[in-house]
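This briefing covers the packing, the open and enclosed spaces, and a few single residues of one protein model. Please view the sequence and the structure before reading on.

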Amino acid sequence: GTPYLAYEQSIIPGEAFSNIWAYGEFSKLPRAAEGIARLFARCLIPGTSAGSDRQWYGKAMTVLEQACDTKDPLLTPYIRDFVEVREAVEAGALDELPLAVTNGEISALNILTTEDGDVGGMVEWEKRHYDERPLGTDLLAIHWIKSRNRGDRFEDIESTSEIEGRFWKTFFHSIPEDVAPNRKALQTAMKLGVILQNVYEG
């Protein structure tokens with residue numbers, strides 16, 4: 001007869017985080033921010049080092065070089081920032097950070113939250129987007145966690161400060177004690193994440 005292959009797909013509870021903003025359910029945001037921070041911390045790969053596990057470096061530098069040479073009028077105002085990040089990465093600013101897994105396209109659509117604001121998980125783990133990068137590149141998500149995305153800008157709401165505070169407190173309490181003090185490196189990783197998400201290789 002004909003052989004068939006079957007598999008069981010796990011179901012992640014919740015709906016896209018973006019629905020919290022779409023439906024005006026702002027009271028869920030502080031709790032969801034804590035859950036997303038814990039999720040990012042759990043993506044850390046124990047025993048790794050961005051300085052010795054260098055597979056991420058070549059791809060990152062390719063995108064950084066492209067960013068620094070861009071002629072795109074939407075990006076040219078930020079070339080100084082791109083150069084600053086490139087020089088920091090070249091100088092080893094991220095080398096002390098561990099690596100973390102990422103789906104390569106973190107967004108408010110692929111993080112799921114429940115009715116209570118708890119985080120169910122992250123979806124869209126396609127092989128072509130899966131990556132291992134220095135911890136912190138996905139922290140760029142804080143912009144659309146704490147503020148309303150208006151397309152050309154992020155607009156704060158009354159509870160923005162609380163949301164941001166609870167996100168950072170939870171993240172730093174959830175990562176290893178020897179990693180938490182590397183705040184400058186994590187800030188650079190976050191800037192790198194913004195560039196990797198908005199400048200496309202090739």
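Which element supplies the largest share of the lining of the second largest cavity? Helix H7 does, with three residues. The model is a predicted one. H7 also gives the most to the lining of the largest pocket, with six residues, and is among the elements that give two or more residues to the largest nonpolar core.

**Second largest cavity**

- The volume of the second largest cavity is about 40 Å³.
- Its lining includes Gly193, Leu196 and Gln197.
- Also in the lining of the second largest cavity are Thr102, Gly104, Glu105, Ile106, Arg133, Thr137, Asp138 and Leu140.
- By class, the lining of the second largest cavity has three nonpolar, five polar and three charged residues.

**Largest cavity**

- Two cavities of 30 Å³ or more are counted in the model.
- The largest cavity encloses about 90 Å³.
- There are 13 residues in the lining of the largest cavity, and Ala100, Val101, Leu135, Gly136 and Asp138 are the ones nearest its centre.
- Strands S2 and S5 (131-134) each supply at least two residues of the lining of the largest cavity, and S2 provides the largest share, three residues.
- The lining of the largest cavity is made up of eight nonpolar, three polar and two charged residues.
- Asp138 is one of the residues nearest the centre of the largest cavity, and Asp138 also lines the second largest cavity.

**Largest pocket**

- The largest pocket has a volume of about 1,100 Å³.
- Its lining comprises 29 residues, with Tyr78, His143, Phe154, Val194 and Asn198 nearest the centre of the pocket.
- Two or more lining residues come from each of H1, H4, H5, strand S6 (147-149) and H7.
- Of the residues that line the largest pocket, 15 are nonpolar, eight are polar and six are charged.

**Nonpolar core**

- In soluble globular proteins, nonpolar side chains tend to be buried together.
- The largest nonpolar core here has 57 residues, and those that touch the most other members are Phe17, Ile145 and Phe171.
- Elements that give two or more residues to this core are helices H1 (18-22), H2 (29-42), H3 (55-68), H4 (79-90), H5 (142-146), H6 (160-174) and H7 (183-198), together with strand S2 (99-102).
- Helix H2 gives the most to this core, with eight residues.
- Neighbours within four places in sequence aside, Phe17 is in contact with Leu29, Ala32, Ile36, Ala108, Ile111, Thr113, Trp144 and Ile145.
- Ile145 is thus named twice, as a contact of Phe17 and as one of the core residues that touch the most other members.

**Cysteines**

- Cys43 is buried because its relative accessibility is 9%, under the 20% cut-off.
- Cys68 is likewise buried, because its relative accessibility is 9%.
- The structure has zero disulfides.

**Single residues**

- Glu34 is located in helix H2.
- Glu34 is a charged residue, yet it counts as buried because its relative accessibility is 18%, under the 20% cut-off.
- Beyond four places in sequence, Glu34 is in contact with Arg166 and Thr170.
- Thr76 sits in the loop between H3 and H4.
- Thr76 is partly exposed because its relative accessible area is 33%, and partly exposed lies between the 20% and 50% cut-offs.
- Thr70 and Lys71 are touched by Thr76 when residues up to four places away in sequence are not counted.
- Thr76 and Lys146 are 70 residues apart in sequence, and their C-alpha atoms are 26 Å apart in space.
- Ile11 belongs to the segment before strand S1 (15-16).
- Ile11 is exposed because its relative accessible area is 72%, over the 50% cut-off.
- Ile11 and Val123 are 112 residues apart along the chain, with 10 Å between their C-alpha atoms.

Terms used
Residues are numbered from 1 along each chain as its sequence is written. This is a predicted model: local features need pLDDT of at least 70, side-chain atom pairs count only at pLDDT 80 or more; totals for chains, interfaces and linings use all residues. Side-chain values use heavy atoms; hydrogens and water are left out. A disulfide is a pair of cysteine sulfur atoms within 2.5 Å. Buried means under 20% relative accessible area, exposed over 50%, partly exposed in between (1.4 Å probe, protein chains only). A nonpolar core is a set of buried Ala, Val, Leu, Ile, Met, Phe, Trp, Tyr and Cys residues joined through side-chain atoms within 4.5 Å. Helices (H or I, at least four residues) and strands (E, at least two) are DSSP runs, numbered from the N terminus. Contact means heavy atoms within 4.5 Å. On a 1 Å grid over the protein atoms alone, a cavity is a set of points where a 1.4 Å probe fits but cannot get out, and a pocket is an open set with protein on both sides within 12 Å along at least five of seven lines; lining residues have an atom within 4 Å of a point. Grid points are joined across faces, edges and corners, and a volume is the space filled by probe spheres set on the points.
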